[in-house]
Amino acid sequence: MVPVDRGNRDAGISAVRAAAAVLRQGINMTIYVEGHRSFDGKLLPFKKGPFYLAMECGVPVVPVTISGSHYVMPKGRFAIKPGTVTLTFHPPIEPEEFGSREDLMERVRRAIDSGLPEDLQERRVSSVSSAVNPSMP
């Protein structure tokens, strides 16, 4: 485990260095790219550190969607309710496919979002023409 003090930029940089040392030993890591859980199950903004780490170490990124946990254990409550939590493992993104940090962040975000129930997914307009004329593909 590599703790991250989100309120301290220098500590965050140190955490990325510590995580890089772990990855270089061949140990896999689970990183929650949002930094904390949302109240409603929708995606929050991503932290940049995990993406710097992946690019620096040249390791594949496997996006994982966790869906339903906000019903089973709502943020801010200690009680756990009965329910189903689904984990969806998406195809790995290999280092040669990363592009820029922003490209990698967007690919991971799209993958994770695609595994959420439709009512929690981000709404995207695929093109200007479809926004103007919804009957166009």
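In this predicted model, helix α2 spans residues 49–57, and its buried residues are Pro50, Phe51, Leu53, Ala54 and Cys57. Seen down the axis of α2, these buried residues fall within an arc of 155°, so they line one face of the helix. They pack against two other helices, α1 (9–24) and α4 (101–114). After α2 comes Gly58. The phi of Gly58 is positive, near 65°.

The wider fold frames this helix. The protein has five helices and two strands. Along the sequence these elements follow the pattern α-α-β-α-β-α-α. The C-alpha atoms fill a box of roughly 50 × 40 × 25 Å along the principal axes. Of the 137 residues, 29% are buried. Contacts between residues at least 6 apart in sequence were also examined. Among these contacts, 58% join residues at least 24 apart.

The nonpolar interior comes next. In soluble globular proteins, nonpolar side chains tend to be buried together. Here the largest nonpolar core has 14 residues. Those with the most contacts inside this core are Phe46, Phe51, Val61, Phe98, Leu104, Val108 and Ile112. Helices α2 and α4 each supply at least two residues of the core. Helix α4 gives the most, with four residues. A second core is separate from this one and has six residues, including Val16, Ala19, Ala20 and Leu53. Leu53 is also among the buried residues of α2.

Phe51 is another buried residue of α2, and it is one of the residues with the most contacts inside the largest core. Leaving out residues up to four places away in sequence, Phe51 touches Val33, Phe46, Arg101, Leu104, Met105 and Val108. Of these neighbours, Phe46 also forms a ring pair with Phe51. A pair of aromatic rings is described by the distance of the centres and the angle of the planes. The model has one aromatic pair. The ring centres of Phe46 and Phe51 are 5.9 Å apart and their planes lie at 15°, so the pair is stacked. Phe46 and Phe51 are both buried.

The two strands were then considered. Strand β1 covers residues 64–67, and strand β2 covers residues 86–89. They pair in the antiparallel sense over four bridges. Within this pairing, Ile66 has Leu87 of β2 as its bridge partner. The faces of β1 are covered and uncovered. Thr65 and Ser67 form the covered face. Val64 and Ile66 form the uncovered face.

Thr65, in strand β1, shows how a polar side chain is placed on the covered face. With a relative accessibility of 0%, Thr65 counts as buried, the cut-off being under 20%. Its side chain makes a polar contact with the side chain of His90, at 2.7 Å. A polar atom of the Thr65 side chain also lies 2.7 Å from the backbone oxygen of Ile112. Ile112 is itself among the residues with the most contacts inside the largest core. Beyond its neighbours within four places in sequence, Thr65 is in contact with Thr86, Leu87, Thr88, His90, Ala111, Ile112, Gly115 and Leu116. Thr65 and Glu122 are 57 residues apart along the chain, and their C-alpha atoms are separated by 14 Å.

Glu118 gives a view of a loop. It lies between α4 and α5 (128–132). Its relative accessible area is 63%, so Glu118 is exposed. In sequence, Glu118 and Thr84 are 34 residues apart. In space, their C-alpha atoms are 16 Å apart. Thus Thr65 of β1 is buried, at 0%, whereas Glu118 in the loop is exposed, at 63%.

Notes
Residues are numbered from 1 along each chain as its sequence is written. This is a predicted model: local features need pLDDT of at least 70, side-chain atom pairs count only at pLDDT 80 or more; totals for chains, interfaces and linings use all residues. Side-chain values use heavy atoms; hydrogens and water are left out. Buried means under 20% relative accessible area, exposed over 50%, partly exposed in between (1.4 Å probe, protein chains only). The arc is that of the directions from the helix axis to the C-beta atoms. Contact means heavy atoms within 4.5 Å. A polar contact is a pair of N or O atoms within 3.5 Å; within protein, one must be able to donate a hydrogen and the other to accept it, and residues adjacent in sequence count only if both atoms are side-chain atoms. A nonpolar core is a set of buried Ala, Val, Leu, Ile, Met, Phe, Trp, Tyr and Cys residues joined through side-chain atoms within 4.5 Å. Two strands pair if DSSP finds at least two bridges between them. Rings of Phe, Tyr and Trp (its six-membered ring) pair if their centres lie within 6.5 Å; planes under 30 degrees apart count as stacked, over 60 as edge-to-face and the rest as tilted.
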